[in-house]
Amino acid sequence: MSRILGIESSCDETAVSIVQNGDTIMSNVIASQIDLHAPHGGIVPELASRQHVINIGPTVLKALADADIKLHDLDAISVTNGPGLAGSLMVGVNFAKALAASTNIPLIGINHLEGHIYAAWLDKIDPAKDIGFPLVCLIASGGHTDLLLMEDHGEYKLLGKTRDDAAGEAFDKAARVLGLGFPGGPAIQKVAPSTPSQETFPQPHFKNGNPLDFSFSGLKTSILNRAKTLGIYPPGSTPPSESVIAELAGGFQEAIVASLVSRVSQAVQIFNAKGVILGGGVAANSLLRERTKASIDMPVVVPPPILCTDNGAMIAACAHHKIEHSTTFPQHLSIDIYPTSRLGL
Ligand code: KG4
Ligand code: ZN
């Protein structure tokens, strides 16, 4: 039996979880900073790291209390050490090091993007055993939009990536234009109509380069121009009609989802994948979840929304499999932070 503590502080959530055997969540505590950053319309890195300093201790203690275990019951401590905001990563990594040094519990650094993939193992399914490799993985978050081929535990090939904004970043920017607040993804999903929108936005067409890449900056410009034409942006003294905002939000969401699903679908065919894993905050989007399942004739694993957005459980789940599939214990007290690290290159 393994019990692993997972610490995640790469962006704006201080999240700590304890996971047993890589698939059973004993506790999952998330100290969100949304209220702190919302007035600024996005994450302010300096504020984020300062808030992590305040939150990290109590969050670790609550995760232990919720799981009803003591520190010495842990088999390993895992922590996100990249990619992410440098100041934010440093808080989690240094706390984890101090904890490991003072208890003699082994420490392992985990790549945040790989963590998002391993959230799939917390969904009462073992994709490796129940579906099999290769798996196409889409990680769509506030900082990344990566399409990967997972050929085995820990073995990835980057198939496509965004050439400009990440999908979540595009949602956040569009929501700002529409006056819907932060974070933008859930706000846009909330107001988008369930029927197809009258507002349509174009898909990017690449003349050259990798057709499995993504691009969302043109979409962002399109919605900004449309909002200006409709007199919604910049905001004036009269609030815009809710139905106009809803139509724009619906059309924008539709365009992002169509772009994501088409690349996933192509990748499954090209690489003869046995299934698909969706992860990252944007995978919490219900239209994306439905469309992917409806468009792909293969098993699609999408963790519940709370495990798609940043959490410590995915880090602990990933650590379990890293330890299980490595011949040597991967890392310990000398770990560094890697703010720009990637997966599958
Ligand atoms: O993975 P995540 O929690 O943090 C990063 O690693 O970046 O992703 C956050 C992103 C934000 O841009 C947020 O707007 C987006 O995920 N997001 C969503 C939804 N929930 C969160 N986007 C679309 N629909 C959602 N329901
Ligand atoms: Zn994330």
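## Close-up views of ligand 1 and selected loops

**View 1. Polar contacts of ligand 1 in the predicted model.** A nitrogen atom of ligand 1 lies 3.1 Å from an N or O atom in the side chain of Asn285. In this predicted model, the side chain of Asp310 likewise offers an N or O atom, which is 3.0 Å from an oxygen atom of ligand 1. At Gly281 the partner belongs to the backbone, where a polar atom is found 3.0 Å from an oxygen atom of the ligand. Taken by itself, ligand 1 has 550 Å² of accessible area, and the protein covers 89% of that area.

**View 2. The pocket and the residues around ligand 1.** The place occupied by ligand 1 is the largest pocket, and 20 residues surround the ligand, among which Gly142, Asp172, Gln189, Gly281 and Asp310 come nearest. Sorted by character, the residues of this shell comprise 13 that are polar, 5 that are nonpolar and 2 that are charged.

**View 3. Helices and domains that build the shell.** At least two residues of the shell around ligand 1 come from each of α4 (112-118), α6 (167-177) and α7 (184-191), and the greatest contribution is that of α7, which gives 4 residues. Both domain 1 (3-118 + 307-334) and domain 2 (132-302) take part in the shell, since each of them provides at least three of its residues.

**View 4. The cis peptide bond before Pro134.** The peptide bond that runs from Phe133 to Pro134 is cis, and its omega angle is near 0°. Pro134 itself belongs to the loop that connects α5 (127-131) with β6 (135-140).

**View 5. The cis peptide bond before Pro234.** Tyr233 and Pro234 are also joined by a cis peptide bond, for which omega is about -5°. The loop that holds Pro234 is the one between α8 (217-229) and α9 (242-270).

**View 6. A positive phi angle at Asn21.** Asn21, which is a residue other than glycine, has a positive phi value near 55°. Along the chain, Asn21 is placed in the loop between β2 (13-20) and β3 (24-32).

How values were computed. Residues numbered from 1 in each chain as written. Chains lettered and ligands numbered in written order. Predicted model: local features only at pLDDT ≥ 70, side-chain atom pairs only at ≥ 80, totals over all residues. Heavy atoms only, no water. Near = heavy atom within 4 Å. Polar contact = N/O pair within 3.5 Å; in protein donor to acceptor, adjacent residues only side chain to side chain. Areas by Shrake-Rupley, 256 points an atom, 1.4 Å probe, with all protein chains shown as cover. 1 Å grid on protein atoms, 1.4 Å probe; cavity = no way out; pocket = protein on both sides within 12 Å on 5 of 7 lines; lining within 4 Å. Sits in = over half its atoms within 2 Å of the grid points. Nonpolar A, V, L, I, M, F, W, Y, C, P; charged D, E, K, R; others polar. Domains from an automatic or database assignment.
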